[in-house]
Structure formats: structure tokens, C-alpha cells
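Trainee: Could you take me slowly through one part of this model, the sheet in chain A? I'd like to see how its strands line up and what packs on them.

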2 protein chains.
Amino acid sequence: MKAERLLIVVSAPSGAGKTTLCEEAVRRVPGLVHSVSYTTRSPRPDESDGRDYHFVGEATFRQMVAEGAFAEWATVHGHLYGTSRRDLEAHFAAGNDVILDIDTQGAAILREAYRDGVFVFILPPSFAQLEARLRGRRTDRSEEIARRLERARAEMAAYPLYEYVVVNDDVERAVGMLYAIITAERSKSRRFTPAPEMAPGR
Amino acid sequence: MKAERLLIVVSAPSGAGKTTLCEEAVRRVPGLVHSVSYTTRSPRPDESDGRDYHFVGEATFRQMVAEGAFAEWATVHGHLYGTSRRDLEAHFAAGNDVILDIDTQGAAILREAYRDGVFVFILPPSFAQLEARLRGRRTDRSEEIARRLERARAEMAAYPLYEYVVVNDDVERAVGMLYAIITAERSKSRRFTPAPEMAPGR
């Protein structure tokens, strides 16, 4: 169990900036990779298949569910999202720690399956700022924005279920917090393997 | 309970470099202070009263024990060491987090009294290097060095009781780990106070 890798699960209301924070964390933390989720929603103009998501049809997704391919999956805003169990295990087998950004439903499932996971909730500095960020995304229609805002308020209530809270008032500061959390978790004594001469009981 | 300050308890076998690491942590982490312990041992040439320790006579120390003045106290290498409860509370009341470097016996007492404390064990990179460091301290006689080495081996077996382990192979790296641990602990969700508009249940 000692050589076990870290699973870092990041959730946030949409618009809180979690995608950027996770990308920055991967860039800065050696040995940390992002596991790309599967989704049935359409790509946004700036998104590419295999980098942001694996974009699949609903039939394919349902087939994967039936095969037990997902470590977690959930319906969000009417679309299906899931994390491939095989992808996760492949990252761990390669000796990497994994960061996932998933919604609160998926996180609840992973909390049962990966009890040693590190759960981080990203909060916007204020609800007003969250609304401003969502309205700034020109790609979403206004009824979709209203739906996301309503959902965001509900999602934010889940933060006490997460071990850590990072307020994204400043990207630089927030990434520094994520970096610190991952570094600290890596130095947990239960994950420490001593040199043979230092082992207790010697 | 939310505004509660952090108590960071650092233990290490002597010679592992914990004093330097704690001093550096205080220099770098805003809002972190070092609580100066009481001891009945004599000051080393480079130590000063009130900065490194409060140096007191045994009668004074025993009187303080009788008055319940210590949050923890222990006998180490034949000398008495203790942490003033009033000092700790004064630091917390001033809004500071506190770092203590104490031996494994004292830490065991604080683990009961301060269940929310953060317990960090500093390990030398190897036993050989620990021995070299202890021999390099010209102020200690050789039988004292042998005694400290024997004790160090016994103390090192306590690391699994601590939540975090930091290997002091490089001061810069080790201080970075301490910094990360304190930063991560400060972002634990159970210590987070949301803005009123963000509070759950609203």
C-alpha cells in the first residue's frame, strides 16, 4: 500500500476556474497527470477530442457503463460524463499521481471507491464573480447560464464533504495552494517508505 | 471551532536539523510563530535565554509542573523540557499559528490534548549522516554522542505516529515541504469559514 499513487479529485461549480487550475497544477507538479474524462456533450469551439475530453456518442457511453468501464459516471446538465477505470489504473501503473476534475456526484462515488483519495473543492471568491465569469463565456446561451448558476449554488453546498477548500481569487495563489496540497499529501507518513536501515523495529 | 489556529508539532532525532527547519519555517510562513520551550539544561555557547529556550532551574520547573503550567513536559537526556500552556494560548489569541519542536514523549502528550494538531516528523537522509552531524557538534562529549545516537535510533521508530514525514536531505527542499504542509493544513475545509452569501444551506 505504501507505493500507492495519489488520486486528486477536484470539484467546483462551473465558472470557478477549475479547468485552468488543474492544467496549471499538471504543468507544475512533476509526476502529476490529468485523466481525460469521457462525455456525450458536444465539444466547445476551443476544445479538442482526447485533450479536453474523449467525446463519444450516447450509445458508446452506455455500452461502457454496461461493461463497468467507468470508475464513476454522472449526468450533468443533461450530458453524461465518466472517468475510465482503465485510464486511471494505467496512470498509476506508470508511477504517476492523477488529478481529475469532476462534478460533485462523480466525486461522491470516487469517495467510496478510493478512500485514500484527496478531495479538493474550488470556490469562487464570491457568487457575483461566479455569475460574471459565466456570463463572460459567450458560448453559452442565457437560459443555460441561469441553469448553471442555479446548479452552482447547489453544488457549492457540497464543499464540507471535501478535505480541502481552495478559493480561486487569484489563479497564481490558487495554483500555489493546489501545489502545496499535493506536496503535503505526498509527505503523509502513511505513504512513506523508509530506507531499510531506517525502518522501525530494526 | 472554525477560527481555531494551527498547532504544528515537529519532532526529530537530535542531529536531524529540526531547529534550523523550524526557524526557517517561521521566517517564511506569515502568521507562524515559534513557542519557546522551558528547560533545565544549560545553554550551549550559541544559545540565548528567551530565544532558544527559557533556561530555568529544576526547582522552578518542578513548581511550574505542580501549577499545571505545562501543556506537555518530558525528561530528555536527563534534563527537563516543557511547553507553557499560557504561551501557547497567548499565541493563538494573537491570531498566530504555532510551531513547536519537541521530543517524541512531549508530542505524545500533545497528541491527546490537541487532537487537531499537525504532527510532523523530520528524518535524516540516513543514519550515517545523522551520526556525522552529531559528531560535528563540537560542544558534545563523545559519551553524550553515543547516548544521543542510541536514543535517535529509538526515536526514529516513532515516525509512523506522525501524520507527515519530511526527510531533511536538503534544507531548502525540507523547508519547502514544511511550508507546503502548513499551507495545505490551512486550506482544510473543516477550518474554512465561508463568506455569508456562500454558506451552505442558503
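Mentor: Sure, let's start with one pair of residues: A:Val9 stands opposite A:Leu100 in β7(A). Before we go on, keep in mind that this is a predicted model, where local features need pLDDT of at least 70 and side-chain atom pairs count only at pLDDT 80 or more, while totals for chains, interfaces and linings use all residues. As for names, residues are numbered from 1 along each chain as its sequence is written, and chains are lettered from A and ligands numbered from 1 in the order in which they are written.

Now zoom out a bit. Strand β1 of chain A (residues 7-11) runs parallel to β7 of chain A (residues 97-101), and 4 bridges link the two. Strands (E, at least two residues) and helices (H or I, at least four) are DSSP runs, numbered from the N terminus, and two strands pair if DSSP finds at least two bridges between them. In general, strands of a sheet pair through backbone hydrogen bonds, either parallel or antiparallel.

Here the pairing is parallel, in an open sheet of 5 strands, and the order in chain A reads β2-β7-β1-β8-β9. At the edges sit β2 (32-34) and β9 (164-167) of chain A, each pairing on one side only. From one strand to the next, the twist averages 25 degrees.

Finally, look at helix α4 of chain A (residues 104-113): it packs on the sheet and touches β1 and β8 (118-123) of chain A. Contact means that two residues have their C-beta atoms, placed from the backbone, within 7 Å. The direction of α4 makes about 155 degrees with that of β1(A); axes are lines fitted to C-alpha atoms, for helices over the stretch in contact, and angles run from 0 to 180 degrees between N-to-C directions.
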